[in-house]
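Let's take a walk through a protein together. Have the sequence and the 3D view open, and look up each residue as it comes along.

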Amino acid sequence: MEICRDTEALNIMIKEAYQQAKFGKVADYIPALSWANPETLSLAIYEGKSMIATAGDTSETFTLQSISKVLTLAMALMDIGEDGVFSRVGMEPTGDPFNSIIKLETHTPSKPLNPMINAGALAVTDMIKGNTVEEKLGRLLAFIHELTGNSAITYNNEVATSEFETADLNRSLAYFLKQHRVVSSDIECLLELYTKQCAVEVSCEDLAKIAFVIGNEGRSVETDRTIIPLHISRIMKTFMTTCGMYNASGEFAIKVGIPSKSGVSGGIMAAVPHGPGIGIFGPALDEKGNSIAGMKLLESLAHRYDLSIF
Ligand code: DON
């Protein structure tokens, strides 16, 4: 792919994106995330067997946050199937912020509109099979190890605890869902699992590798194995396109057009169908919770290398 020979253009794109970061702010509603350096920007682009482009400190790690929602969705679909999952969570974008509670009450039946908003992700996490939080988390980590080939990946306990102790809004969502029989677990156990899944720590190289598998029909080129069934990788990409950037998904689809998922730590995972996997880390966020520099960089990449799916 031409990206690997285009170092000069890549440097310009990085510089332009980096300029945008000054307009953003790191997330601070999870106290441990507020320590991030807003002036960081790293990028990794992976094409099956090697990284074809990198920029910044690609070994720097950060937590998945909402990017984990795509992975737990895949696990729930593998665990209980489409009918089971979509009886408890919908398929429609909301146009509301990621942590909004409003449609749970105004919508009938009271089920979350999609698995990418917090309410929907809590419902999905509740579906993961396992007898204990440890067992469920162990299954998620094993899945991530297989997707990345990196068995050192684990969760950051400081970030998980910081979120667990302050997650009153997510607790409210979860209790509301329990009242309406959308979730059945003990809510504190569900919150423990959810905050640990969000605190799984990766680098942008890890993200690029996961994105590559999602973009390439669930297959790992390195191991020549299907890790995610084709129909599930399609569902993942579809939700990434329609809801992955929350209430900015429409504008992002027009300007970038790559199935992507953001997290409030500043990560973005972008999966080009039958193309490269892209991982970005830039912790300065816009008011919708998406990495400002990350979105700008993806816009430039999509434009220059014609990566839009539309
Ligand atoms: O539940 C939360 O609020 C966070 N653990 C994840 C939210 C998030 O990453 C939204 N993304 N942009």
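**A guided tour**

D96 is a good place to begin: this residue is buried, with a relative accessible area of 16%. The cut-off at work here is that anything under 20% counts as buried. Before going any further, keep in mind that you're looking at a predicted model.

So where does D96 sit? You'll find D96 in the loop between α2 and α3, and α3 covers residues 102-106. The side chain of D96 has a partner, too: D96 and K103 form a salt bridge, with 2.7 Å from N to O. The two side chains also make a polar contact of 2.7 Å. K103 has a relative accessibility of 27%, which puts K103 in the partly exposed group. In this pair, then, D96 is buried, whereas K103 is partly exposed.

How many salt bridges are there in the whole structure? A search finds 11. Another one of them joins R139 and D79, whose side chains meet at 2.7 Å, again counted from N to O. R139 belongs to helix α5 (residues 133-148) and D79 to helix α2 (residues 68-86), so this salt bridge ties together parts that are 60 residues apart in sequence. Try finding both helices on your screen and then look for the two side chains. Is D79 buried or exposed? D79 is buried, at a relative accessible area of 15%. R139, on the other hand, is partly exposed, at 31% relative accessibility.

A third salt bridge to look up is the one between E222 and K209, where the closest N and O atoms are 3.9 Å apart. E222 is in the loop between β5 (219-220) and β6 (225-226), while K209 is in helix α9 (residues 204-215), so the pair links parts that are 13 residues apart in sequence. E222 itself is partly exposed, with a relative accessibility of 43%.

While you're at that loop, look for D224, which also lies between β5 and β6. The backbone does something worth noticing here: D224 isn't a glycine, yet its phi is positive, at about 55 degrees. With 57% relative accessibility, D224 counts as exposed. R181 also has a positive phi without being a glycine, and its value is near 60 degrees. To find R181, go to the loop between α7 (168-179) and α8 (187-198). R181 is exposed as well, with a relative accessible area of 69%.

There's one more backbone detail to check. Which form does the peptide bond from T108 to P109 take? That bond is cis, with omega near 0 degrees. P109 is in the loop between α3 and α4, where α4 spans 118-125.

Now hop back to helix α5, where A142 is found. A142 has 41% relative accessibility and so counts as partly exposed. If you compare A142 with K196, the two are 54 residues apart in sequence, and their C-alpha atoms are 14 Å apart in space.

Let's finish with the ligand. Which residues come nearest to the ligand? Of the 15 residues around the ligand, the nearest are Y29, Q65, S66, E163 and Y194. Sorted by type, this shell has 7 nonpolar residues, 7 polar ones and 1 charged one. The shell also brings in two domains, with at least three residues from domain 1 (3-65 + 201-304) and at least three from domain 2 (84-198).

Zoom in on the ligand's oxygen atoms and you can pick out some contacts with the protein. A polar atom in the side chain of S66 is 2.6 Å from an oxygen atom of the ligand. The side chain of N118 has an N or O atom that lies 3.1 Å from a ligand oxygen. With V264, it's the backbone that takes part: a polar backbone atom of V264 is 2.8 Å from an oxygen atom of the ligand. And how much of the ligand does the protein bury? On its own, the ligand exposes 340 Å², and the protein buries 99% of that.

Conventions. Residues are numbered from 1 along each chain as its sequence is written. This is a predicted model: local features need pLDDT of at least 70, side-chain atom pairs count only at pLDDT 80 or more; totals for chains, interfaces and linings use all residues. Side-chain values use heavy atoms; hydrogens and water are left out. A residue is near a molecule or strand if one of its heavy atoms lies within 4 Å of it. A polar contact is a pair of N or O atoms within 3.5 Å; within protein, one must be able to donate a hydrogen and the other to accept it, and residues adjacent in sequence count only if both atoms are side-chain atoms. Accessible areas come from the Shrake-Rupley method with a 1.4 Å probe; for residues, only the protein chains shown count as cover. Ala, Val, Leu, Ile, Met, Phe, Trp, Tyr, Cys and Pro count as nonpolar, Asp, Glu, Lys and Arg as charged, and the others, Gly among them, as polar. Domain bounds come from an automatic or database domain assignment. A salt bridge is a side-chain nitrogen of Lys or Arg within 4 Å of a carboxyl oxygen of Asp or Glu. Helices (H or I, at least four residues) and strands (E, at least two) are DSSP runs, numbered from the N terminus. Buried means under 20% relative accessible area, exposed over 50%, partly exposed in between (1.4 Å probe, protein chains only).
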